[in-house]
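This report covers backbone angles, burial and contacts at a few selected positions. The structure is shown first, and the notes follow.

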Amino acid sequence: MSQLLTSTTSTATDLYAVDAEGLYKSFGKAKAVNGIDLRIKPGEIVAFLGPNGAGKTTTIDMLLGLSKPDQGSVTVYGKSPRQAIAHGQVSAVMQTGGLLKDLTVRETVELTASLFAEARPAEECLERAGIKDIGDRLVVKCSGGQQQRLRFAMALVSDPGLLILDEPTTGMDVEGRRDFWNAIHTDARRGRTVIFATHYLDEADAYADRIILVRRGQIVADGTSAEIKALASGRTVKASVSDLEQTAVAALPGVDEVELRAGMVTVHTKDSDAVARYLLNHTDAHDLEITSHNLEDAFLALTSDEN
Ligand SMILES: Nc1ncnc2c1ncn2[C@@H]1O[C@H](COP(=O)(O)OP(=O)(O)OP(=O)(O)O)[C@@H](O)[C@H]1O
């Protein structure tokens, strides 16, 4: 399936935050990344969405210079990932590690700041990450969500143009996730480029300007949330019916699929009004239901193994 929407137009003079071309990476026989091209403009908030094993982490590791592609190239603000990191232009928020339990939240950020020649003040980073009020708390006493916001504060120290987050909210409760994303989103409005990998459709839907759907190491869709949803276009009409001429329904305008099973007809269509009108006027259909598709439908349609 090649349902690629290009949501970005560009000129050769644009300096991309990320410019990756023809990326391939295998582990033994597993083709973790199998031909990914990616251009991300400064200021975009991009979700990398895909099922387990789709290749999200492998791609992110290459963007961060943590692993080398077998084939292809990556530049970050025109530099190699390692150079961009050395210049403080890229930071990552990892899921685990990197914290010393016996320091306070403020001391942790101050220690990080001391590692950079040019660093933002610790207080500013704490404030942007929404944890200024817990500056004196020991890391060991922080919840998982607070520790993630601390990692976010540490990532802000170099004031990076690009922030990369790999499944940053795994294991957090609903409130922790909401607070975390509010802090990220408020900060990103000031122009920071953000790339995050996630399993959570609602996070991609709520917080990304652009969603890149990955499956088996390839990009299967790329666009705004609305554009991705439109790929699972149309609606489903269901009704109970005892006698139905299936071919007549299939011939109605906009109908993609008709299924008749156990006295129930299910019709996938772009024109639900026409189907509803036909069923109610020309058959004994009753208990009619119309549902529209959502991001989850698009996700399942585009990433299922049947494609
Ligand atoms: N170091 C490794 N050694 C062997 N296989 C690996 C390694 N890293 C990743 N893989 C394999 O590459 C494929 C892609 O994995 P990757 O972690 O990039 O996917 P993902 O989309 O991030 O998945 P998840 O959401 O589960 O983290 C999987 O089949 C995985 O088993």
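## Burial classes

A residue counts as buried if 20 or more other C-beta atoms lie within 10 Å of its own, as exposed if 12 or fewer do, and as partly exposed in between. The model discussed here is predicted.

## D159

With 17 other C-beta atoms within 10 Å, D159 is partly exposed, because that count falls between the two cut-offs. D159 sits in the loop between α5 (144-156) and β6 (162-166).

Most residues other than glycine have a negative phi. D159 is not a glycine, yet its phi is positive, about 50°.

## D287

A second positive phi, of about 55°, occurs at D287, which is also not a glycine. D287 belongs to strand β13 (residues 286-292).

How many other C-beta atoms lie within 10 Å of D287? There are 9, so D287 is classed as exposed.

## S240 and its contacts

S240 is part of strand β10 (residues 235-240). S240 is partly exposed, because 14 other C-beta atoms lie within 10 Å.

Which residues does S240 touch, leaving aside those up to four places away in sequence? They are G263, M264, A285, H286 and D287. One of these contacts, D287, is the residue in strand β13 with the positive phi of about 55°.

S240 can also be compared with V265: 25 residues separate S240 and V265 in sequence, and their C-alpha atoms are 6.3 Å apart in space.

Notes
Residues are numbered from 1 along each chain as its sequence is written. This is a predicted model: local features need pLDDT of at least 70, side-chain atom pairs count only at pLDDT 80 or more; totals for chains, interfaces and linings use all residues. Helices (H or I, at least four residues) and strands (E, at least two) are DSSP runs, numbered from the N terminus. Two residues are in contact if their C-beta atoms, placed from the backbone, lie within 7 Å.
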